[in-house]
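Visitor: I would like to learn how to read single residues, helices and their contacts in a model of this kind. Could you take me through the features one at a time?

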Amino acid sequence: MATPSALVNVMVEAARKAGRGLVRDFGEVAELQVSKKGAADFVSAADVKAEQTLFEMLEKARPGYSFLGEERGLVEGTDKSHRWIVDPIDGTTNFIHAIPHFAISIGLEREGAIAASVVYNPVTNELYWAERGKGAYLNNETRLRVSARRNLDEAVLATGIPFLGHGQHAKFLKELHQISQRVAGVRRFGAASLDLAYVAAGRFDGFWERDLKVWDIAAGLLLVTEAGGKISEIDGADVMDTGNILATNTELHGLVQARLQAASA
């Protein structure tokens, strides 16, 4: 059994407290499906409330750390070397449709690199965490390892599909064409932090998506690398700058990246 550090325990406690509120809200969201506006307003309020809980608990535990959240943006702290990067509900569209696949994502950036992370699905009670140099774990019980598959025709990859008003649809379709005819399957689950956690756990053999926000990927980056996987920017730039991410095991990385880059040729 893994023993989280005091720092990770702070993050876990914050995620679990925010998660309890989201589970209560999730129980009500199905009742709001008759009203598109009502459901959207309800989830927006749930988002803000969850982020407020996370902000208060993390600020209390580590006063002075900066905080970057999806809802409130950047709150500069007195400690310039540490920054929380938080998504209170990653998978908001799933949440609003009463699909139980969403997560709270918390990454701690230290001197420009992610040092600790937590990704928590409060409905399934699966809590993934990692600390730099100490491995990645599921619920303190299971050490995470990326898959060992070497061949694309055996691999299942996850991705994100551009939606209304977002992303490059034509580019995605070219990439999907390059990938889907060579792999065992492609999945689109709708929460990047959990996609990355699943890569770390060996459930997915890889994940790629473009135009993600830093709070979508910060925590998941460390989960994958601490589980022995490889992260890169699809086109060779900086992942945290562009949000164009490819995460796989080390055996498949070059094969997948070559197909994605062929789509741009």
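Visitor: Where is Asn125 found?

Guide: In this predicted model, Asn125 sits in the loop between β5 and β6 (126–131). Its backbone is worth a look, since Asn125 has a positive phi of about 60° although it is not a glycine. With a relative accessibility of 38%, Asn125 counts as partly exposed, because that class lies between the cut-offs of 20% for buried and 50% for exposed.

Visitor: Which phi does Glu111 have, and is Glu111 buried or exposed?

Guide: Glu111 is not a glycine, yet its phi is positive, at about 50°. The residue belongs to the loop between β4 (103–110) and β5 (113–121), and with a relative accessible area of 65% Glu111 is exposed.

Visitor: Let us turn to helices. How many residues does α4 have, and what span should they give?

Guide: Helix α4 covers residues 169–180, and its 12 residues, at 1.5 Å a residue, should span 16 Å. The end C-alpha atoms of α4 are 16 Å apart, which agrees with that expectation.

Visitor: Which residues of α4 are buried, and which are exposed?

Guide: The general idea comes from the helical repeat: an α-helix has 3.6 residues a turn, so residues three or four places apart point the same way. In α4, the buried residues are Phe172, Glu175, Gln178 and Ile179. Viewed down the axis of α4, these buried residues fall within an arc of 125°, so they line one face of the helix. Ala170, Leu173, Lys174 and His177, on the other side of α4, are exposed.

Visitor: What do the buried residues of α4 pack against?

Guide: They pack against three strands, β9 (156–159), β10 (185–187) and β11 (206–209), and against helix α8 (253–262).

Visitor: Where in the model is Ser180, and how accessible is Ser180?

Guide: Ser180 lies in helix α4, and with a relative accessible area of 36% it is partly exposed. As for its distance to another part of the chain, Ser180 and Val214 are 34 residues apart in sequence, while their C-alpha atoms are 27 Å apart in space.

Visitor: At what angle do α5 and α6 pack?

Guide: For a pair of helices one reads the angle together with the distance between the axes. Helix α5 (residues 192–200) packs with helix α6 (residues 214–226) at an angle of about 5°, and their axes are 8 Å apart. That angle makes α5 roughly parallel to α6, because angles under 35 degrees count as roughly parallel.

Visitor: Which residues meet there, and of what class are they?

Guide: From α5 come Ala192, Ser193, Leu196, Ala197, Val199 and Ala200, which meet Asp216, Ile217, Gly220, Leu221, Leu223 and Val224 of α6. Sorted by class, this contact of α5 with α6 holds nine nonpolar, two polar and one charged residues.

Visitor: Where is Gly202, and what is Gly202 in contact with?

Guide: Gly202 is located in the loop between α5 and β11. Once its neighbours within four places in sequence are set aside, Gly202 is in contact with Arg145, Val146, Ser147 and Arg149. Another pair to read is Gly202 and Gly229, which are 27 residues apart along the chain and have their C-alpha atoms separated by 9.5 Å.

Visitor: Is Ala46 buried or exposed, and what surrounds Ala46?

Guide: Ala46 has its place in helix α2 (residues 36–61), and at 2% relative accessibility Ala46 counts as buried. Apart from neighbours within four places in sequence, Ala46 is in contact with Leu22, Asp25, Ile89 and Phe95. By contrast with those contacts, Ala46 and Ala115 are 28 Å apart in space, C-alpha to C-alpha, and 69 residues apart in sequence.

Visitor: Where is Ala2, and is Ala2 buried or exposed?

Guide: Ala2 is in the segment before α1 (6–29), and with a relative accessible area of 12% Ala2 is buried. Beyond its neighbours within four places in sequence, Ala2 is in contact with Trp129, Tyr137 and Asn140. Ala2 and Gly64, in turn, are 62 residues apart in sequence, with 29 Å from C-alpha to C-alpha.

Technical notes
Residues numbered from 1 in each chain as written. Predicted model: local features only at pLDDT ≥ 70, side-chain atom pairs only at ≥ 80, totals over all residues. Heavy atoms only, no water. Helix = DSSP H or I, 4+ residues; strand = E, 2+ residues; numbered from the N terminus. Expected span 1.5 Å × (residues − 1). Buried < 20%, exposed > 50% of the residue type's maximum accessible area, 1.4 Å probe, protein only. Arc of directions from axis to C-beta. Contact = heavy atoms within 4.5 Å. Axes fitted to C-alpha atoms, helices over the stretch in contact; angles between N-to-C directions. Parallel < 35°, antiparallel > 145°, perpendicular 65-115°, else oblique. Nonpolar A, V, L, I, M, F, W, Y, C, P; charged D, E, K, R; others polar.
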